[in-house]
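Colleague: I have not looked at this one before. Can you walk me through it?
Modeller: Sure, have a look first.

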2 protein chains.
Amino acid sequence: MMINLFWLGIVGAAIALVFAYIQSRRVLKYSEGSERMAEIAADIRTGAKAYMKRQYTSVVKFFAVVFVILCLLAFIPPLFGADSGLVNRFAPFAFITGGFFTGLSGYIGMKVATNANARTANAASESLNKGLRVSFSSGTVMGFVVVGFGLLDITAWLLVLRFFFNAEALEIGQAMVKFGLGVASMAMFARVGGGIFTKAADVGADLVGKVEVGIPEDDPRNPAVIADNVGDNVGDVAGMGADLYEAYAHAIIATFALGVGIYSWGGMLLPILISVAGIIASLIGTFFVRTKEQADQKSLLRSLHMGTFLAAGIAAVSALPLTFLVARISEGEFGEMMQSNAWGIFGAIIIGIISGLLIGYFTEYYTSDTNKPTRELAASSETGTATVMIGGISLGMKATVGPVLTVAAAALISFFISGGHASLEMMDSAFQAGLYGIGIASVGLVATLGINLATDAFGPVADNAGGIAEMAKLPEEVRQRTDALDSLGNTTAATGKGFSIGATGFSALALLVSYVTLAEESLGSNLNLTVTNPPVLIGLFIGVVTAFFFAALTISAVHKAAQSVVIEVRRQFKEIVGLMEGTAKADYASCVDICTKSALRKMVAPSLLAFLVPIGTGIFLDAEGVVGMLAGIVVAGFALAVFMMTSGGAWDNAKKYIEAGNHGGKGSEQHKAAVIGDTVGDPFKDTAGPSFNILITLSSAVSLVFVGVTTAFSFL
Amino acid sequence: MMINLFWLGIVGAAIALVFAYIQSRRVLKYSEGSERMAEIAADIRTGAKAYMKRQYTSVVKFFAVVFVILCLLAFIPPLFGADSGLVNRFAPFAFITGGFFTGLSGYIGMKVATNANARTANAASESLNKGLRVSFSSGTVMGFVVVGFGLLDITAWLLVLRFFFNAEALEIGQAMVKFGLGVASMAMFARVGGGIFTKAADVGADLVGKVEVGIPEDDPRNPAVIADNVGDNVGDVAGMGADLYEAYAHAIIATFALGVGIYSWGGMLLPILISVAGIIASLIGTFFVRTKEQADQKSLLRSLHMGTFLAAGIAAVSALPLTFLVARISEGEFGEMMQSNAWGIFGAIIIGIISGLLIGYFTEYYTSDTNKPTRELAASSETGTATVMIGGISLGMKATVGPVLTVAAAALISFFISGGHASLEMMDSAFQAGLYGIGIASVGLVATLGINLATDAFGPVADNAGGIAEMAKLPEEVRQRTDALDSLGNTTAATGKGFSIGATGFSALALLVSYVTLAEESLGSNLNLTVTNPPVLIGLFIGVVTAFFFAALTISAVHKAAQSVVIEVRRQFKEIVGLMEGTAKADYASCVDICTKSALRKMVAPSLLAFLVPIGTGIFLDAEGVVGMLAGIVVAGFALAVFMMTSGGAWDNAKKYIEAGNHGGKGSEQHKAAVIGDTVGDPFKDTAGPSFNILITLSSAVSLVFVGVTTAFSFL
């Protein structure tokens, strides 16, 4: 009987997808405005589509190779680890579906966003509130597509394995973790590729346009302006969609894998039901994102908060009956655990939800220009560029404390209130119950991702709308309105990224534990995972430098690509007669082309790192080294992610704060210093920073899938 | 009989100190040049002495408080952990001597340096080679004072405990680790306080002088110029001396503590003998640092390399008979291990020496302007300040890979060739032998610190000499010569810092293992140090954010202090009539005063962090959390240290490369961008970066000393 309740997951997914469809129809009903606006929007759309097509073509090749490898591994069972062969044989196919849905979520989000940008600009010429409505609707599509497909993919596989192949709960739980490989691979390419594209274009456009030539942002005379707007869509929209799909799916998958020692169907049912409740709660929440016709920016933020808090509240309240329901109908050890401690498990879910809000609070505190840190950063422009740089870096490093300790404390508390005890054996049932608590907390955190992502994904649409307003020479007030939306989006974007890295912090632990379990099965002996054991400690070092090296690769990719854009833009300004005067048209396509080529070429190295390091470590240091390495990537990656995203966000908003007329305002020396800060922050916050969570899960997924191979061929 | 061989340690220390004394007499024989030069030197000397006096006054108060606490703990044995009460009662006194010698080393180095600067300038007016000779002699004093006092302090305590209190080898080994608290505390204050002073003055002077007003570096019209030169002495000389004293002492102490399970006197004798051999080898090496009268910069670097390589070679060769000697005369388990595997232990020493050279190579590769990375960084100035920033940050992050993996691999290989096996119990004798191998490798690394520090400490002297040459308006060629020396010093300084963080990487493992041993004794049960155990993993997170937070605190201290200096310098340029024209004198003292006050106030928070985090973690997460936390600080601190030191060094040299006439040369837009890079790099490479190794050892030392207290009062 219980197994039938899993169909609710399909129902929940369907609700999300239908809602997303309705919202996308709603967006399309609006007008794109003047012919010029429609034309610009079409240019952006074409560029984005062309990039996505080329990106997916590259990715398909990669997927084909890995698919073949996975098939080989599936038929040489010892190479694949010691667990069930049946489920493993589905891993190659799950790899494909995971990659497919991840890519599809990003693609749909991009499609809607590129259709919503001109419409938002046009709506904003009526009122700020209307602009918000269009862009937020477009964001909603992205949010619900991600949770819908995420839940669909997981539940469908679960049902297929159960009904067609009669798999057991334990088998599915262990296998699902491996399914994450496709999701994480796709997310990596989308995030890193898109991130390089968008920031190369943005940095290149700003450096020459704003700093050297002195024309405003999004000025149509800037040859990189279309590339910049395309970048928003392929990076901040499609890349982010793929990224958050990954975070969402992994939170659920990880819970499947945690507590595997005490497993029964109930252990998998609870995260599915919480996710469904979260979808409905998010859906209700979206209806409360509205304001009076003449709203200011503050009331807009309040209305966004209203929607997300309400959704979180509904999700929290509905978790209570769901937890007790699952407790009542569960059997075996898991059932006993739930029956004796349903309140504890419920508490863990609440802790997850609260820690999501807390992370959001911390990010907002450090990046919003209404607070002291960003204000002080803006003030440091008074003493020049160098102090802006130093100030931003130290701000971001300070900001790591809150989110990291929140996740750490939340994980610890979830562990204990779910019945875990320290100093116990790994497979002890109390320890397993504690781990399950950590997993379910992460499901609580991402449950309302639907609305959170919506409040996040509308930002780039507003940003694009501003660009179109500028290029189509709409009245100044339209640009002011889209700027207000954009700035709002900046804050919510930081929150969204905090969400995904926070969720990853939880699920990373789950993946680590799964890896240990599989490796011990595969080796037939216990691992010595004491931190003072040299292979573990050295693994930690390897993991930490991997995170730093990954950051270096992604930032320097932007750096190099941006330099090519700078050179191209300078060339056009020099060679195209009448460009500066507005009598000749810039060659937009060449900048788009440079960004596309750079992004596709430079996304390879960072992505491969997540494959080569785990396999290399496994071969040289065996499973113990791999565990250390994964732990190192998690802790360093988490801290670096928060550091880079917060520094970047704060620099961006400090610049906006100055542009609003403080510390000399636009055009002053202080403003120039702040623009440089913002430029440095761009690859921090939109390329490297948000890629760390994927690095974490992808390297875990690679380790899991290749555990058999590495333990078989290890030197140690 | 064997115990008498320890007197050789006293002899070695005496040789080092006598040599240092002779060198300092030699420096003083040179003339300070013109009256004006002597006057400037006196100004600098007075400022430096005044700062040091105030710094030590603050530190004495701190030491008094901790001394009282340690005395209390010593008389309430259960709070102090379960090990021998006898030795613990000496911990408060060893705390004082450690702090005293650390501070004294820095002070003597500063004293000689402030006496050598004008003399170097004067000698450089004759020839480059003469300038090198004076500044290098002054550096030699610092180098040999550090190793002399370091070896003296350790050996003397060992002999006192043995002969007056009849302590056993095991007892001494365990107690010595706690003695590191005084050394690390003093080093922390000296490094952080001095680091804030020097960079606040430097950044402040450059921002207004070079960037805004457009006067050359060290121009006497700049009100912060004396503060800048004082800073070189209290930060780059005294701070570095204290820092390297700490790294040196900890390498030896850590080896005392490692392999404690198989202990005998032989285990302690070997590191002492290797250190003595290293002192003699360094002494010989110094005689080979000389060139022909008309030397160019390249041949100077070659002659420095000649000295250090020769010293390393002599130390390596002499390690062979010493190892076999100790093997022959050692008894018990340690004797058996040595006799069956003397070659392995010898190999570990060689690995230590080689890894020191390798770390030096990597740092040089990334920071020297003769190589691709720094050249590319200089080239990125063509596209503006932002690309210089992004380029420098990614360069530093990339550079973490080499040194960190070198230490990791060296530790792993040392562990295995010394007879260690993975997956064994901690107290197993093979595991202990492996750990001993890691310890002895770190002793090999620091053995020739005498000459390495000498090649490092001459840099700031040359820097000061350049300042004096500029202020005393000596001919242009003098300044060119001191600049050549300064630039040479930049490269060797990066190497020196790499040395100290590398040595710390090794000894951190030793401290970790000591902590585990003590905590298990204190708790009477085994710890579950599996990385997947939530308290351990959460401890890891805490450690990582501690490292980031520490970086933020030190950088932002410089940031704020520099802003005050900027404001003061701007004020003077505005208010003092005739300052710019050279008719009125700047008020140097006020800038010195601002830097002093800022440094003393701002050094408190980062230093306290190393006390509060270990104690707090112990109380909240017990010993398991502390182990995770320490591991987290080690891995993140190591990577951050290399990142920040390399970025800073590369920015500095990229600027110098441009100043040498490339990419537009001095005064161009490219140069301005590079100057900003250099300014941002200043607190990276001279404040935060080189402080991490102290953070690592200090937090370990605090954990060790307070293990009894935290386990007694822990919540878990």
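Colleague: How many salt bridges does the structure hold over all chains?
Modeller: The count over all chains is 54 salt bridges. Keep in mind that this is a predicted model.

Colleague: Which side chain does A:Arg570 meet in a salt bridge?
Modeller: A:Arg570 pairs with A:Glu212, at 2.6 Å from N to O. A:Arg570 sits in helix 17 (residues 534-575) of chain A and A:Glu212 in helix 6 (residues 169-213) of chain A, so the salt bridge ties together parts that are 358 residues apart in sequence.

Colleague: And why would two such side chains pair at all?
Modeller: Side chains of opposite charge can pair when their charged atoms come close.

Colleague: What about across the interface of chain A and chain B, how many salt bridges there?
Modeller: The rule finds 0 salt bridges across that interface.

Colleague: Then how many residues of each chain are in contact with the other?
Modeller: 79 residues of chain A contact 79 residues of chain B. The two chains bury about 6,700 Å² between them, and 83% of that area is on carbon and sulfur atoms.

Colleague: Switching to helix packing. In chain B, how do the axes of helix 1 and helix 8 cross?
Modeller: The axes of helix 1 (residues 7-29) of chain B and helix 8 (residues 265-286) of chain B cross at roughly 25° and come within 9 Å. An angle under 35 degrees counts as roughly parallel, so helix 1 of chain B is roughly parallel to helix 8 of chain B.

Colleague: Is that crossing left-handed or right-handed?
Modeller: The crossing of helix 1 and helix 8 of chain B is left-handed.

Colleague: Which residues meet there?
Modeller: From helix 1 of chain B they include B:Gly12, B:Ile15 and B:Phe19, and from helix 8 of chain B they include B:Leu273, B:Val276 and B:Thr286. By class, the contact has 9 nonpolar, 3 polar and no charged residues.

Colleague: Over in chain A, how do helix 8 and helix 15 cross?
Modeller: Helix 8 (residues 265-286) of chain A and helix 15 (residues 449-471) of chain A have axes that come within 7 Å and cross at roughly 40°. That makes the two helices oblique to each other. A:Ser282, A:Gly285 and A:Thr286 of helix 8 meet A:Leu449, A:Gly450 and A:Ile451 of helix 15. Their contact divides into 2 nonpolar, 4 polar and no charged residues.

Colleague: Last one, back in chain B: at what angle do helix 11 and helix 12 cross?
Modeller: Roughly 165°, with the axes of helix 11 (residues 372-379) and helix 12 (residues 385-399) of chain B coming within 9 Å. That makes helix 11 of chain B roughly antiparallel to helix 12 of chain B, and their crossing is right-handed.

Colleague: Which residues make that contact?
Modeller: B:Pro373, B:Thr374 and B:Leu377 in helix 11 meet B:Val388, B:Gly391, B:Gly392 and B:Leu395 in helix 12. Of these residues 4 are nonpolar, 3 polar and none charged.

Note on methods:
Residues are numbered from 1 along each chain as its sequence is written. Chains are lettered from A and ligands numbered from 1 in the order in which they are written. This is a predicted model: local features need pLDDT of at least 70, side-chain atom pairs count only at pLDDT 80 or more; totals for chains, interfaces and linings use all residues. Side-chain values use heavy atoms; hydrogens and water are left out. Axes are lines fitted to C-alpha atoms, for helices over the stretch in contact, and angles run from 0 to 180 degrees between N-to-C directions. Helices (H or I, at least four residues) and strands (E, at least two) are DSSP runs, numbered from the N terminus. Angles under 35 degrees count as roughly parallel, over 145 as roughly antiparallel, 65 to 115 as roughly perpendicular and the rest as oblique. A crossing is left-handed if the near helix is turned anticlockwise from the far one by less than a right angle, and right-handed if clockwise. Contact means heavy atoms within 4.5 Å. Ala, Val, Leu, Ile, Met, Phe, Trp, Tyr, Cys and Pro count as nonpolar, Asp, Glu, Lys and Arg as charged, and the others, Gly among them, as polar. Buried area is the accessible area (1.4 Å probe) that two parts lose on being put together, summed over both. A salt bridge is a side-chain nitrogen of Lys or Arg within 4 Å of a carboxyl oxygen of Asp or Glu.
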